[in-house]
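Hi there,

Here is the structure I promised to pass on. Have a look at it first, and then read on for what turned up.

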Amino acid sequence: MKEFSVAPKIIMLDSCKEFIDEFKINEDDLVVTIEVTWNTYFKEVKAGTVIFIENYGVGEPSDEMIEAVAADIKKHYKRVIAIGGGTVIDCAKLFALKNLLPVSDLFDKKIPAEKDKELLLVPTTCGTGSEVTNISILEFKKRHTKFGLADKALFGDCAVIVPELLNKLPFKVFAASSIDALVHSVESFLSPKATEISKMFSVKAMTMILQGYKKIEAEGKESLRGLLPDFCLASTLAGIAFGNAGCAAVHAMSYPLGAEFHVPHGESNYAMFTGVFKKYMEIKPEGDIKELNKIIADILGCEVTNVYDSLEALLNGSILKKKSLSEYGMTEKQIEEFTDSVIANQQRLLNNNYVFLDRNTLIKIYTELM
C-alpha cells in the first residue's frame with residue numbers, strides 16, 4: 001500500500017510584517033535563526049530565547065551544534081519557531097521534542113522522538129523543503145557522515161512561506177538550494193514509493209525550477225528577484241514529493257562528500273546527480289526514467305538522448321559550475337571508503353533507488369565523477 005499525506009498546514013504570506021502580525025512571537029517562544037535575518041526583519045520583536053545558529057558552527061548542522069545549543073537554552077519555551085535555511089530548520093525540529101540528548105541516541109532510536117511543543121517552520125532558502133517534511137539531517141562528526149532521522153514527531157505544525165525573506169539571498173546560496181529542490185523532485189519521481197499524486201508534485205516542482213533557470217539564462221541573474229515566489233513554492237512542492245516518496249542514491253552518495261569536505265548540501269547533490277542518473281539509464285532505460293527524461297527534455301527543448309548533458313549545460317552556464325570530486329579534495333583511496341560508508345549508513349535512502357546499485361556500481365559512479 002502506498003500513502004500520500006501533507007502534514008503541516010501551509011501558509012503563504014506576502015511580507016514579514018504579515019507573519020509578525022499573524023503569529024505574534026512572544027516570551028514563550030524559542031526562535032532559531034541567523035543574526036542577519038533577525039536584525040533585518042524581526043529586530044523589534046520580543047522573543048523568550050533567540051538562538052543565532054552561526055554562533056555554534058558554520059555549514060551543515062551537526063550533532064555537536066545541537067548539543068551546544070541545548071546547553072545554552074536556559075528558559076522554558078512552549079513554541080519553537082525556525083526562520084532560516086536547512087541548517088536552522090533541521091536543528092529547530094529537534095528542539096520541539098521532549099527529549100533529544102544525547103543526540104546520537106535520538107538518531108540511533110534509543111530515545112523515542114516525542115514532540116511536546118508547537119513547531120513553526122519558515123524557510124529563507126528555496127531548496128531543502130524541510131518545512132514540510134518529517135526529516136532532520138545532521139552530520140555526526142566522529143562518524144564522518146550524515147544521518148537522517150525520519151519521524152512523524154518532526155513534522156511542523158505550520159510551514160510559512162514568505163518570499164520576502166529571500167530578497168538578500170546570495171546567488172550561490174540560491175543556486176545550491178534550488179538544485180537541491182530539483183534533485184528532490186527527480187529522485188522522488190523515480191522512487192518505488194512514488195504515487196501518481198506525489199509525481200504530480202514532483203513534475204510541477206521540476207517544471208517551475210527548470211523554467212526559472214531558463215529565464216535566468218535568458219535574462220541574467222538580476223531576473224531572480226521576480227522569480228523568488230516561484231522558487232519558494234517549487235521547493236515546498238518538491239519537499240512534499242520527497243517527504244512522501246523519499247530521495248535515493250544521489251543524496252546517499254553525496255553525504256560522505258559533504259561531511260568530509262564541508263560542501264553545501266545542494267552542491268554535493270549536484271556533484272553526484274547526473275552520474276547516478278546516467279548509471280540508472282545504463283541499467284534500466286525503460287520505465288519511469290524514460291518518462292522523466294521526456295518531461296525534462298520537453299522543458300529544456302532538447303533531445304531526450306542528451307537530456308542530462310543539456311541539463312548540465314544549463315546549470316553550468318547560468319546557475320552553478322559543476323566540479324569533479326577530485327576538485328573538492330576527494331582521493332582515489334576515498335572511493336571505497338565513501339562507498340562502504342554509504343552502504344553501511346544510508347540504507348534508508350538506497351532503498352528508494354530506481355534500480356539496485358551494488359557496491360561495484362557505486363564505486364564506478366564515484367570513479368567516473370572523479
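A quick definition before anything else: a residue counts as buried when its relative accessible area is under 20%. Please also keep in mind that this is a predicted model.

**Helix 4**

With that cut-off in hand, helix 4 (residues 86–94) is a good place to begin, as 9 of its 9 residues are buried and the helix is mostly covered. The buried set runs through Gly-86, Thr-87, Val-88, Ile-89, Asp-90, Cys-91, Ala-92, Lys-93 and Leu-94, so you will find Asp-90 and Lys-93 listed there by the definition of under 20%. What do the buried residues of helix 4 pack against? Their partners are strand 2 (29–33), strand 4 (79–84), strand 5 (118–123) and strand 6 (135–140), along with helix 3 (63–72) and helix 5 (103–107).

**Helices 6 and 7**

Next comes a helix pair. Helix 6 (residues 171–190) packs on helix 7 (residues 196–219) at an angle of about 145°, and their axes are 8 Å apart. The crossing of these two is left-handed. On the helix 6 side, the contact includes Phe-171, Phe-174, Ala-175, Ser-178 and Leu-182, while helix 7 brings residues including Lys-199, Val-203, Met-206, Ile-209 and Tyr-213. Sorted by class, the contact of helix 6 with helix 7 holds 15 nonpolar, 4 polar and 1 charged residues.

**Helices 10 and 15**

Helix 10 (residues 265–283) and helix 15 (residues 359–368) make another pair: their axes come within 10 Å and cross at roughly 130°. That angle is why helix 10 counts as oblique to helix 15. Here the crossing is right-handed. Met-272, Gly-275, Val-276, Lys-279 and Ile-283 of helix 10 touch Thr-361, Lys-364, Ile-365, Tyr-366 and Glu-368 of helix 15. The residues of this contact split into 5 nonpolar, 2 polar and 3 charged.

Which residues of helix 15 are buried? They are Thr-361, Leu-362, Ile-363, Ile-365 and Tyr-366. Among the elements covering them are helix 9 (249–261), helix 10 and helix 13 (332–345).

Just ahead in the chain, the loop between helix 9 and helix 10 holds Pro-264. Pro-264 is partly exposed, at a relative accessible area of 37%. The C-alpha atom of Pro-264 is 8.6 Å from that of Ser-177, although 87 residues separate the two along the chain.

**Ser-235 and the cysteines**

Ser-235 sits in helix 8 (residues 224–245) and is buried, with a relative accessible area of 3%. Setting aside neighbours within four places in sequence, Ser-235 contacts Cys-126, Gly-127, Thr-128, Gly-129, Glu-131 and Ala-181.

If you are setting up the cysteines, how many disulfides does the structure hold? The count is 0. Cys-16 is in no disulfide, and the nearest cysteine sulfur, that of Cys-232, is 11 Å away. Cys-16 is also buried, at 4% relative accessible area. Cys-232 is likewise in no disulfide; the nearest cysteine sulfur there belongs to Cys-126, 5.9 Å away. Since a disulfide needs the sulfur atoms within 2.5 Å, that pair does not count as one. Cys-232 is buried too, at 5% relative accessibility.

Happy browsing, and do write back with any questions.

Best wishes

Note on methods: Residues are numbered from 1 along each chain as its sequence is written. This is a predicted model: local features need pLDDT of at least 70, side-chain atom pairs count only at pLDDT 80 or more; totals for chains, interfaces and linings use all residues. Side-chain values use heavy atoms; hydrogens and water are left out. Buried means under 20% relative accessible area, exposed over 50%, partly exposed in between (1.4 Å probe, protein chains only). Axes are lines fitted to C-alpha atoms, for helices over the stretch in contact, and angles run from 0 to 180 degrees between N-to-C directions. Helices (H or I, at least four residues) and strands (E, at least two) are DSSP runs, numbered from the N terminus. Angles under 35 degrees count as roughly parallel, over 145 as roughly antiparallel, 65 to 115 as roughly perpendicular and the rest as oblique. A crossing is left-handed if the near helix is turned anticlockwise from the far one by less than a right angle, and right-handed if clockwise. Contact means heavy atoms within 4.5 Å. Ala, Val, Leu, Ile, Met, Phe, Trp, Tyr, Cys and Pro count as nonpolar, Asp, Glu, Lys and Arg as charged, and the others, Gly among them, as polar.
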